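Here is a quick tour for someone meeting this protein for the very first time. Have a look at the picture, then read on.

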Amino acid sequence: MAGTIALPLQEFIGSLDNTSLPKVLQVCSGVYFQGLFKVVPEQKPYSSVEEMLSMRPVGLNDSLPFTFTSNSKMTFGSLTLAAGKALTVLSIERHKGEEDKVRCHVKGQTEASAEVCIPLSCQGEFYECESEDCYTLKEIMSSTRLRTRRFRFVKTTKCDRVLIFSPVHQVQAIMNCKFDPLCNQYLLH
């Protein structure tokens, strides 16, 4: 065939559109319960607010609000936040000529609350908190960011172990062979 480009099998498989491939769920051990899953927060620290928010499982605007803590005290103007204080990101503030910031809600000890804007470049030791966001198995497997995360069932009475989902691709190839008696070998077509 004129104009046909031969690709190595691995490159061909990598070039396929993941969303058009048939999906098969393979349970290696245990029992699969239909239901929703929550992301298990990473236990690793992030060095900036921007780094932490870039690791969110879906687009940032789609995954708000998002809650995190700082391992050290932070001061913004006249407001000082103690270490370990939960900050909930409400929105991204973008103003021309200024650094991007995240608008956060802070709940005080006496149930009073405040809002503070934190620059995305803010450095420190930040940890994500557990989110209330829930995902279906289909959503997890169709998102490259979600597939890299660990999950647990929303209803922990079924299973309290951490689950890791990863796609397994199975390729079946059909090759046409014809035996050539002159060469005493099979020829691939």
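Two strands count as paired here if DSSP finds at least two bridges between them. With that in hand, take strand 3 (residues 66–70) and strand 6 (residues 86–93): four bridges join them, and they run antiparallel. If you want a spot to zoom in on, Phe68 stands opposite Leu87 in strand 6.

Before going further, a word of context: what you're looking at is a predicted model. The protein has 189 residues, and 28% of them are buried. Its secondary structure adds up to four helices and 13 strands.

**The six-stranded sheet**

So where does the pair from the start belong? Strands 3 and 6 sit in an open sheet of six strands, ordered 2-9-3-6-7-8, with antiparallel pairing. At its edges you'll find strand 2 (46–48) and strand 8 (113–119), each of which pairs on one side only. On average, neighbouring strands of this sheet are turned by 45° against each other, direction ignored.

Moving along from strand 6, the next partner is strand 7 (residues 101–107), and these two pair in the antiparallel sense over six bridges. Here Glu93 stands opposite Lys101 in strand 7. Strand 7 in turn pairs with strand 8, again antiparallel, over seven bridges. Along that pairing, Cys104 faces Val116 in strand 8.

What holds neighbours like these together? Strands of a sheet pair through backbone hydrogen bonds, either parallel or antiparallel.

**The three-stranded sheet**

There's also an open sheet of three strands, in the order 1-10-11, and its pairing is antiparallel too. Strand 1 (37–39) and strand 11 (163–164) are the edge strands, each pairing on one side only. Strand 1 meets strand 10 (residues 150–153) in the antiparallel sense over three bridges. In this pairing, Lys38 stands opposite Arg152 in strand 10.

Here are the pairings side by side:

| Strand pair | Bridges | Sense |
|---|---|---|
| Strand 1 and strand 10 | three bridges | antiparallel |
| Strand 3 and strand 6 | four bridges | antiparallel |
| Strand 6 and strand 7 | six bridges | antiparallel |
| Strand 7 and strand 8 | seven bridges | antiparallel |

**The protein as a whole**

Stepping back, how much of the contact network links residues 24 or more positions apart? Such residues account for 53% of the contacts with a separation of 6 or more. As for the outside, the protein exposes about 13,500 Å², with carbon and sulfur atoms supplying 54% of it.

Notes:
Residues are numbered from 1 along each chain as its sequence is written. This is a predicted model: local features need pLDDT of at least 70, side-chain atom pairs count only at pLDDT 80 or more; totals for chains, interfaces and linings use all residues. Side-chain values use heavy atoms; hydrogens and water are left out. Axes are lines fitted to C-alpha atoms, for helices over the stretch in contact, and angles run from 0 to 180 degrees between N-to-C directions. Buried means under 20% relative accessible area, exposed over 50%, partly exposed in between (1.4 Å probe, protein chains only). Contact means heavy atoms within 4.5 Å. Accessible areas come from the Shrake-Rupley method with a 1.4 Å probe; for residues, only the protein chains shown count as cover.
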